[in-house]
Amino acid sequence: MMSRLPCRFLASIVLSAFATTLHAQTSGFHPIALKTEYLITPLGIDAPNPRFTWMTSDSRAGAKQTAFQVFVGTDSAAVSNGNATQLSTEKQTGAQQLYTYNGKKLEPFTRYYLYVRTWDKDGQPASAMSWFETGMMNPSNWTGTWISDNQDPKLKPAPYFRKQINLGKNIRSARAYIAAAGLYELSVNGSKTGDHRLDPMYTRFDRRNLYVTYDVTSQLKQGANTIGVVLGNGWYNHQSTAVWYFDKAPWRNRPAFCLDLRVTYEDGTVETFKSGRDWKTHLGPIIFNSIYTAEHYDARKELPGWNTSIFNDSAWKAAIPRSAPSGNIVAQAMHPVRNVETLPAVSVKKLNDTVYVFDIGRNISGVSSFKVSAPAGTIFRLKHGERLYPDGHVDISNIDAHYRPTDNTDPFQTDIFIAGGKPGESFMPRFNYKGFQYVEVISSAPVTLGKENLTAYFMHSDVPAAGTVQSSNPVINRIWSATNASYLSNLFGYPTDCPQREKNGWTGDAQIAIETGLYGFDGITIYEKWLADHRDEQQPNGVLPSIIPTDGWGYEWGNGPDWTSTIAIIPWNVYLFYGDSKLLADCYENIRRYVDHIDQEYPSGLTTWGLGDWIPVKSQSPVELTSTAYYYADANILAKAARLFGNEPDAKRYSELAAKIKKAFNDKYLNAAANSYGSGLQTELSVALFWGLVPDELKPAVAKTLADRVAADGYKLDVGLLGTKAILNALSENGYADIAYRLAANEKYPSWGWWIVNGATTLYENWPIDAKSDISMNHIMFGEIGAWLYKAPGGIRPDPAAPGFRNVVLEPQFVTGLESFSSTHDGPFGTISSAWKRSKKSISYSVTVPANSTALVKLALAKGQKVFLDGKQLPATGPAFSYKLSSGTFAFEIK
């Protein structure tokens, strides 16, 4: 029973809340968007020192937070009155909106209330409250046993598990904690728990496993209840065979799980129900499932009511205890995979009485849901692909190249549904996803189907959108949308290369797309998880594999600094975008070991380790040039991180190493007389410029050489993967933004626009649409253009001296060919907006700087141009105009 609060205490709470609310209403100032570990009200976190973040809502010009306090405790009323038992900070001066918990030790299974009080520029307070719940906090707090059906890993049907429990008292709250080797779907009393898909996220199973926490209070009732679990193979028991040998993974086994159901009763007592020998198991209608290929389902084998208390499980067998896959079971604190968007079929074409082809209108990652009424035993094959043959059938020849089937029972990207004979049966895979736009349904008997029989679901990690782009060029808008679609299609708890042919965590693709991802989406939780995967996979000598996670493939091919610089580039970019150095600190030793390994293997400062400029249009740059550029970037990041963390010996050492690499690079590749690098290819020149290897005094001349080279190439791209990361930026950062835009907006081959005008809704893997190999139609590796749109025409950049957009650099490029452009980015302090529009005699430029941050506007002016702010002329000091702004909305005019 809750204790009674004294009237004076209640009155003080009410008065304090009234005063705070009154000021917030009159000034608009209050803290908003409180998060713990970058999640809103997360359940089951394990971090002993969680990070708290918030924003300031205040639309007044010059709005800022001048001080703050943070309170954490278990009693919401006491916390809101400043009487927090866990953490109660002093009033701290400053604009800080990221605070790391440093109070008393957090207990497991506990809801804590987070209360943030802030003061505005006038010294007036406002406050907000949120909460978070801890999970296990330590693997020793698990009470359940890992269980399986202990069948042969080659057995195809999925195991079902059930346990009936009895709750004798009224329930206050209940939490289910579940970890799995493989995938699972949890249900309580016949209904699925939560809306996640493909939990838990993929890790190196023999080194780290993730568990998920669910609030199941509303699913339970006093009396008899039944818990159900279905296990899928996922990457743990990979039964399909392909060139990466996941079927031979060292961890491979029949899926298993461990579950604790912790019930708190109204009287305050706690009872925990756990997985163990007393659970029962049976095979069910999922007769095959592969994360890589597809899922097969026989509705005739359904077990009606199997996860309810009325089911007779006398024919089921006892579950078998198993050892845990690893000793490192940690919370899955990240945005989950979901069915994010529903896409009904836009058309269906009947090819004959048994074959129909559905078109969902665009290329996605996800699944299709199929509904049908058919006689029992009718077999439906649902073949998913990205393109069609001329005769209208689905063509998967572009995506099955690496599949090595041993028989014909596991067709690629082809679900199989066997009807049970009931009206209106439906099927949607539980433990698989695919990349597709078209679904060819092949029936074993004549059938009548319409558009309503098939619906697609766009699945991906459900990261919040954080950016927008809109321009006067419809093709540019479609390129931006296609880039986002490919980015999300390749985000499933880790970044992948493609959602169909591989689903692998290729490091090269991810380091190219990191800025595109961070401008467009709030993805820090995904990257923090994936960099933990890096730390799991790194060998003692510092070497990383080219795909992460991996079964062991990729240490021998495809890795090297041009790919596996993810270990440095991603933490550094997360620091720039969020102003949070934790990931960089967590990876510091790993970066150091990686850089040291390259230094030991290549003492000259030049390295040939890497894949090079993958899939170029026509010209191939030297691997040594591109890999050395990335090696230089890694050493530079390491030196800057060392300085950030106060490690001056390392800062000195790696600064000197970076200087050595730069000298070796220029000694070999710089032709100072010609202001060129190597053979003067687009990639060679742009990589040297973008990664900062060109001596400062030569940058203008080398940039001109690059611009001239692009002109000589007919203003067409001649780059591969690494060149696309560099070329648009190298041009626009060095005075040639118009040429960069000309490349970006080109609609002739080879270009992004060429794909779009030929019907692409995602980015492709290869420049020729009719390429004979390497032609996935949903690849993110050429996705830097998405980030470039924010950086160049949008002009929004983080300031390394004030990361996390505490100070925003606004340097828009008013490129020829665009009449208008607008972009927004939701940074840690709020929404940054940068928009411009061209008229006959002037350019209007409007910006929004969020509360508690500042901005530096930098404009390149033509001779005679003047700058006006809100109608007042500003002093212009030459072609490079700059002006500092506080928070607020501002209207510039350049004429």
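Here are three exercises with worked solutions on a predicted model of a protein.

**Exercise 1. Overall build**

Task: Work out how the radius of gyration of the protein relates to that of a compact globule with 895 residues.

Solution:
- Start with the expectation: for 895 residues, a compact globule would have a radius of gyration near 29 Å.
- Next, take the value for the protein, which is 29 Å, so the two agree.
- Add the extents: the C-alpha trace spans about 85 × 80 × 55 Å along its principal axes.
- Then look at burial, counting a residue as buried when its relative accessible area is under 20%. Buried residues make up 61% of the 895.
- Turn to the contacts with a separation of 6 or more: 74% of them join residues 24 or more positions apart.
- Finish with the surface. About 32,600 Å² is exposed, and carbon and sulfur atoms supply 52% of that area.
- For orientation in the next exercise, keep in mind that the protein has 17 helices and 46 strands.

**Exercise 2. An enclosed helix**

Task: Decide whether helix 15 (residues 737-745) is largely enclosed or not, and find what covers its buried residues.

Solution:
- List the buried residues of helix 15: Ala737, Ile739, Ala740, Tyr741, Leu743, Ala744 and Ala745.
- Compare with the length of the helix. Seven of its nine residues are buried, so helix 15 is largely enclosed by the rest of the structure.
- Now look for the cover. It includes helix 3 (474-489), helix 13 (699-712), helix 14 (721-732), helix 16 (752-757) and helix 17 (784-791).

**Exercise 3. Two cavities and their linings**

Task: Find the volumes of the largest cavity and the second largest cavity, then describe the lining of each by residue class.

Solution:
- Recall the idea behind the search: rolling a probe the size of a water molecule over the atoms shows where empty space is left.
- Count first: there are three cavities of 30 Å³ or more.
- The largest cavity holds about 130 Å³ of space. It is lined by 15 residues, and those closest to its centre are Leu183, Leu198, Tyr202, Trp235 and Ile291.
- Sort that lining by class: 13 residues are nonpolar, two are polar and none is charged.
- The second largest cavity has a volume of about 90 Å³. Its lining includes Glu185, Lys192, Arg197, Asp199 and Arg430, along with Leu198 and Phe431.
- Sort this lining too: five residues are nonpolar, two polar and five charged.
- Last, trace the source. Strand 12 (residues 183-188) gives the largest share of the second lining, with three residues.
- Put the lists side by side: Leu198 appears in the lining of the largest cavity and in that of the second largest.

Definitions and conventions. Residues are numbered from 1 along each chain as its sequence is written. This is a predicted model: local features need pLDDT of at least 70, side-chain atom pairs count only at pLDDT 80 or more; totals for chains, interfaces and linings use all residues. Side-chain values use heavy atoms; hydrogens and water are left out. On a 1 Å grid over the protein atoms alone, a cavity is a set of points where a 1.4 Å probe fits but cannot get out, and a pocket is an open set with protein on both sides within 12 Å along at least five of seven lines; lining residues have an atom within 4 Å of a point. Grid points are joined across faces, edges and corners, and a volume is the space filled by probe spheres set on the points. Ala, Val, Leu, Ile, Met, Phe, Trp, Tyr, Cys and Pro count as nonpolar, Asp, Glu, Lys and Arg as charged, and the others, Gly among them, as polar. Helices (H or I, at least four residues) and strands (E, at least two) are DSSP runs, numbered from the N terminus. The radius of gyration is taken over C-alpha atoms; the globule rule is 2.2 Å times the number of residues to the power 0.38. Buried means under 20% relative accessible area, exposed over 50%, partly exposed in between (1.4 Å probe, protein chains only). Contact means heavy atoms within 4.5 Å. Accessible areas come from the Shrake-Rupley method with a 1.4 Å probe; for residues, only the protein chains shown count as cover.
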